[in-house]
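Please open the model in your viewer and keep the selection tool at hand. This tour goes from one helix pair to another and then steps back to the whole chain.

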Amino acid sequence: MTLAAPTSSPATDPPTSVPGRLRTSLGRPSGVFPATRWLFARLALLSLAVTLPVPLLTANLVEAGAVLLGSGVLATSWTFGYLRGRTSVGADVADTIAVFAIALASDVPSSIVAALVSALWFRSLEGTATRAYLRPVAYSAALALALALWPHVGDHVSTTEGLQFLATVPMLFLTVVVARRLAWMFLERQVRDAVGAVYAAAIEQLLGLTDCAAIREVAAEADRGFCQAVPGLRIAKADADGQHLVIDVRHGDWVAPPERLPLALVGDVPAGDRPRERASAARPVADARLLDAAAGARCVWVALSLPVVPRLGARSWLLVGAPGAVPSSLIRALRNLANHMALAYAVAEAHDALTERATTDALTGLANRSAFTTALGGALADGSLAHVSVLFVDMDAFKEINDRLGHQAGDQVLREVATRLRRASRPGDTCGRLGGDEFAVLLPGADAKAAAIVAQRVAAAVRAPLRRAGDVVVPLSASVGCATAATGTDPEVLLREADAAMYDAKRVSR
């Protein structure tokens, strides 16, 4: 079982100078867990400093050198271990040798125990349990060996410190037990607070979002935050594809990120299983070996079934793994966030439907008068365009078509004209139905010459007869007026000019 503190990003840029970085590293950090490590690291160094005068006052030159050298090794090892956030096996071996040297050279060998207790406090707050419990074993062995050799070195006289030392051994082990228990409590609290902060920020960002890409980015940002809050966390979103899971998004440290995994990994998924509207409870994956190999570490893995979003379609899962265990607070946050995201997608879909209804002509699918006027105003306000042209298209004899063939035929004619306008206009042009049998085409950037070419194409396209069911041929034609203006012109003025040009064209055609 490994203890590791959550990582966090500093609020400001770190100092670039070496003294500045050192001051930042040695300063009191925020968070219960880092602050506890900082406090006990200082206590260990202080205890070591307080211990030094005792052996130095009565030691000869050789013994004093051994005490100073051993103390220097311990102070250096503890300081670098604190700054790096981890301790190597070589550092533990060096510590043990230094403890042996100090105890052997001291008139009171057990005086080093106080410093060792403080050191065990902060060094037991991280790393594996095996390493944590091996340290008091090594320290006890070093002290026992020093006590055994102590009467035979220099002018030492045998004392009763052996009994006192035996009393301190349980204290060393008890220190590790208590420190690791406290570490778990601190970590759980810090992880819970960090996860809660990430979750709250994501929920706040989701409020009012109607863009699917923005909703997905909020989820990605939250997953990155969760990976910073939970040590060693890996998150992968997987979509069902036949008998496989296709990995869509990954966060955390992956050695060899998988692209496809067996669907059986998330358990049995019956073919007729109704899609979930809410996220399910997390359950262990069927076989963690593939995920462990991809993560490059042995983790506990759970699968969380996500709500099915109609516009996304795919059945999806979150695969979540972390060394030791996946915190229950994280599972709750992921489930609740998934449900909020499903709600945000539903709101976005409703918003898109309302927007389309408000801006689209229901019969033809073209922009309605309001949307067309808005697009025209935007084009005329675009300073990068030299010219803007508008075509005003009015059907000829449309009333006769309605009276002779009925309104259903008239609706078919309007839909057909809308299709022909789309085909005859340029990419990027906006076709709209202004009402009744009146249409308009917005030509951004088109001067009068270019607009005249498009107008001719539109008139020719509309002129083709429409063949209805029963070989009924409906002759069609339209009058097209064209107006061109520079940017900055009032939209209503340009539209009236196009309307007037259309009436001129209608009079000429008669």
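## A first pair of helices

In this predicted model, begin by selecting H5 and H7, where Val89, Asp92, Asp95, Thr96, Val99, Phe100, Ala103 and Leu104 of H5 meet Arg131, Arg135, Ala138, Tyr139, Ala142, Leu143, Leu145, Ala146 and Leu149 of H7. Colour this contact of H5 with H7 by class, and you will find 12 nonpolar, 1 polar and 4 charged residues.

Now show the helices in full, taking residues 89-105 for H5 and residues 129-149 for H7, and look at their axes, which come within 8 Å and cross at roughly 25°. Angles under 35 degrees count as roughly parallel, and H5 and H7 are therefore roughly parallel to each other. The crossing of H5 and H7 is right-handed.

## A second pair

Next, select residues 212-229 for helix H9 and residues 328-359 for helix H11, whose axes come within 10 Å and cross at roughly 170°. How do H9 and H11 run, roughly parallel or roughly antiparallel? At that angle, H9 is roughly antiparallel to H11. To see the contact itself, display the side chains of H9 residues including Ile215, Ala219 and Phe226, together with H11 residues including Leu334, Met341 and Tyr345. The contact of H9 with H11 divides into 13 nonpolar, no polar and 2 charged residues.

## The whole chain

Finally, clear the selection and view the protein chain as a cartoon, which has 16 helices and 14 strands. Of its 510 residues, 42% are buried. Switch on the surface, and the accessible area of the protein chain comes to about 25,800 Å², with 60% belonging to carbon and sulfur atoms.

Key
Residues numbered from 1 in each chain as written. Predicted model: local features only at pLDDT ≥ 70, side-chain atom pairs only at ≥ 80, totals over all residues. Heavy atoms only, no water. Helix = DSSP H or I, 4+ residues; strand = E, 2+ residues; numbered from the N terminus. Buried < 20%, exposed > 50% of the residue type's maximum accessible area, 1.4 Å probe, protein only. Areas by Shrake-Rupley, 256 points an atom, 1.4 Å probe, with all protein chains shown as cover. Axes fitted to C-alpha atoms, helices over the stretch in contact; angles between N-to-C directions. Parallel < 35°, antiparallel > 145°, perpendicular 65-115°, else oblique. Left-handed = near helix turned anticlockwise from the far one by under 90°. Contact = heavy atoms within 4.5 Å. Nonpolar A, V, L, I, M, F, W, Y, C, P; charged D, E, K, R; others polar.
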